[in-house]
Structures are given as structure tokens and as C-alpha cells.
Amino acid sequence: TLAVDIDGPPADDLAAAREHGRRRQERLEELGWAYLRLWSTEVYADPARQEARIAHAMRAARQARDDA
């Protein structure tokens with residue numbers, strides 16, 4: 001399973017938002033999820049590259065599942 005996380009609107013408390021995101025990623029990975037973070041600025045600047053990153057992450061997650 002793959003979680004794709006895309007940054008949202010700026011948080012008032014950047015440190016708290018960063019910590020929350022870190023904990024979310026750790027928890028998903030503990031549950032066996034692969035995790036990919038995308039930044040909206042990168043998606044708009046080069047959507048094809050981000051699409052390729054997602055496709056690669058999906059293949060890697062599928063391979064990891066099949067190898068388990």
C-alpha cells in the first residue's frame with residue numbers, strides 16, 4: 001500500500017505541522033505502508049516528473065508486497 005502525501009496550506013505553527021507529518025509517516029510505515037511526499041510547487045513546476053515518481057513508488061510498493 002502506498003500513501004502519497006501532498007503538502008497543504010501553510011500551517012500557523014510550522015513546527016507542530018512538521019512534527020505531525022513526521023509522526024503520520026512513521027505510523028503509516030509501521031503499518032507496512034510505503035510513503036511518498038510531494039510538494040505542490042514541484043507538482044505544478046514539473047507534473048510529469050512527479051507522475052513518474054508516483055509510478056516508481058507504486059511499482060516499488062507492489063514489489064515489496066510481492067516479496068513479503
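What is the mean pLDDT of the protein, and what share of its residues reach 70 or more? The mean is 89, and 93% of the residues reach 70 or more. This is a predicted model. The protein holds three helices and two strands. From the N terminus on, they run β-α-β-α-α.

**Confidence by element**
- Among the elements, helix 3 has the highest mean pLDDT, at 94.
- Helix 1 (residues 14-30) has the lowest, at 87.

**Overall dimensions and surface**
- The C-alpha trace spans about 40 × 30 × 10 Å along its principal axes.
- The accessible surface comes to about 5300 Å². Carbon and sulfur atoms account for 54% of that surface.
- The protein has 68 residues, and buried ones make up 15% of them.
- Take the contacts with a separation of 6 or more: 60% of them come from residues 24 or more positions apart.

**The strand pair**
- Strand 1 covers residues 2-6, and strand 2 covers residues 34-38.
- The two strands run parallel, and five bridges join them.
- Val-4 of strand 1 has Leu-36 of strand 2 as its bridge partner.
- Strand 1 has two faces. Ala-3 and Asp-5 form the covered face. Leu-2, Val-4 and Ile-6 form the uncovered face.
- Val-4 therefore belongs to the uncovered face of strand 1, and Leu-36 is its bridge partner in strand 2.

**Helix 3: length**
- Helix 3 takes in residues 47-67, which is 21 residues.
- At 1.5 Å a residue, helix 3 should span 30 Å. Its end C-alpha atoms are 30 Å apart, so the expected and modelled spans agree.

**Helix 3: two sides**
- Which residues of helix 3 are buried? They are Gln-50, Ala-57 and Ala-61.
- These buried residues lie on the same side of helix 3, because they cover an arc of only 35 degrees around the axis.
- On the other side of helix 3, Ala-48, Glu-51, His-56 and Asp-67 are exposed.
- What covers the buried residues of helix 3? The cover includes strand 1, strand 2 and helix 2 (40-45).
- Both paired strands thus appear in that cover: strand 1 and strand 2 are joined by five bridges, and each is among the elements covering the buried residues of helix 3.

Methods:
Residues are numbered from 1 along each chain as its sequence is written. This is a predicted model: local features need pLDDT of at least 70, side-chain atom pairs count only at pLDDT 80 or more; totals for chains, interfaces and linings use all residues. Side-chain values use heavy atoms; hydrogens and water are left out. Buried means under 20% relative accessible area, exposed over 50%, partly exposed in between (1.4 Å probe, protein chains only). Helices (H or I, at least four residues) and strands (E, at least two) are DSSP runs, numbered from the N terminus. Two strands pair if DSSP finds at least two bridges between them. The expected span of a helix is 1.5 Å times one less than its number of residues. The arc is that of the directions from the helix axis to the C-beta atoms. Contact means heavy atoms within 4.5 Å. pLDDT is the predictor's confidence in each residue, from 0 to 100. Accessible areas come from the Shrake-Rupley method with a 1.4 Å probe; for residues, only the protein chains shown count as cover.
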